[in-house]
Amino acid sequence: MTDQLKRAIHEAKTAKTTSNPTDKAGASSEEQNFDMSESTYKTTHTAVRKARRFAMQGLYEWLVTDRRFDKDGKLGWKDNAPHDIAARTRATNAMHTVHIGYYHEMMRDIPEQIEALDALISQHLDRDIDKLDTVEHAILLIGAYELQNRLEVPYKVVLDEAMKLNNHFGATDAHKLINAVLDKMATDLRDLEVQADIKANRRSSQKAAAPAAQPQPQTTDETKAVTNADDTSETPTTTGKPRLSANKAIKRPRANKAQANISDYRASKKASAQGHNEAAATPTPESTAADVGLHDSNLVNSDEKSKD
């Protein structure tokens, strides 16, 4: 058990011992303040988000008990103060990953400013604030408090965190009401921030649309010739040799030995075939004489046969 949890249990026990009406009537303002001298709690974005969740649950409990009894005039029933809710929450939950300081701040300041926060919310509602669901009311109280008092938190973060709280605890379609109310409230409370964000979005959209709107230059024959001439041109160096670059690489033909051997073989075969044909076509002197003799003998034999 950590020292922080032991301290929380001790605070819860001391709160229970002073929970009778006689002690509460004479309690001083110092007893109502929270101990903000924490040095070991987390301060990350996740820790702040968890603080909002615990604050939403604590405000819900306070709205359905002491706040409702206060509005109905049943003051004798009030026995669930915000600091008691915070003490019980710290005693019964593992709060080592929660921004304890922010949680105590919301549990202290929102109940104190409930009238002013409800007035801000009512300006943008289409119904009475009493007809709001209690979960939606608690989420709107946290959002209104952050928009008004926590200027270091961007308004978009406030709206986004309110949507996440509603997704975790609220009704299905409650995000429409919460988003509409907080958006209008941000325009009233953070007008400069909202206008700056709108201008930034407009500039980014114009920059994105500018390249698409520029006309592409038409490529004519002259421009093609110029570009081809630029591509083929080579800048001379100090040595007089052409400069080689990655963009203008000179491709030199490479001789393929296999293709050269095949072409030589085909040429030799073709030449030998042509020489053989020429040799067969040109008659030799002996062959011509023999052929003439044969022709003469044939002629003589034919004449003799006719005489016979």
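**One cavity, and the helix beside it**

Let's start inside: the structure holds one cavity of 30 Å³ or more. A cavity here is a set of points, on a 1 Å grid over the protein atoms alone, where a 1.4 Å probe fits but cannot get out. Its volume, the space filled by probe spheres set on the points, is about 30 Å³.

Before going on: this is a predicted model, where local features need pLDDT of at least 70 and side-chain atom pairs count only at pLDDT 80 or more, while totals for chains, interfaces and linings use all residues. Residues are numbered from 1 along each chain as its sequence is written, and side-chain values use heavy atoms, without hydrogens and water.

Which residues line the largest cavity? Among them are Arg-52, Ile-139, Glu-146, Glu-161 and Leu-165; lining residues have an atom within 4 Å of a point. Helix 8 and helix 9 (155-169) are the elements that give two or more residues to this lining.

Now helix 8. It covers residues 134-149, 16 in total. From first C-alpha to last it reaches 22 Å, close to the 22 Å expected at 1.5 Å a residue, taken as 1.5 Å times one less than the number of residues. Is helix 8 mostly covered or mostly open? Covered: 13 of its 16 residues are buried, meaning under 20% relative accessible area with a 1.4 Å probe, protein chains only. Asp-133 caps its N-terminal end, with a side-chain oxygen 3.1 Å from the backbone nitrogen of Val-135.

Last, the whole chain. It has 14 helices and zero strands; helices are DSSP runs (H or I) of at least four residues, strands (E) of at least two. Of its 308 residues, 28% are buried.

Terms used. Buried means under 20% relative accessible area, exposed over 50%, partly exposed in between (1.4 Å probe, protein chains only). A polar contact is a pair of N or O atoms within 3.5 Å; within protein, one must be able to donate a hydrogen and the other to accept it, and residues adjacent in sequence count only if both atoms are side-chain atoms. On a 1 Å grid over the protein atoms alone, a cavity is a set of points where a 1.4 Å probe fits but cannot get out, and a pocket is an open set with protein on both sides within 12 Å along at least five of seven lines; lining residues have an atom within 4 Å of a point.
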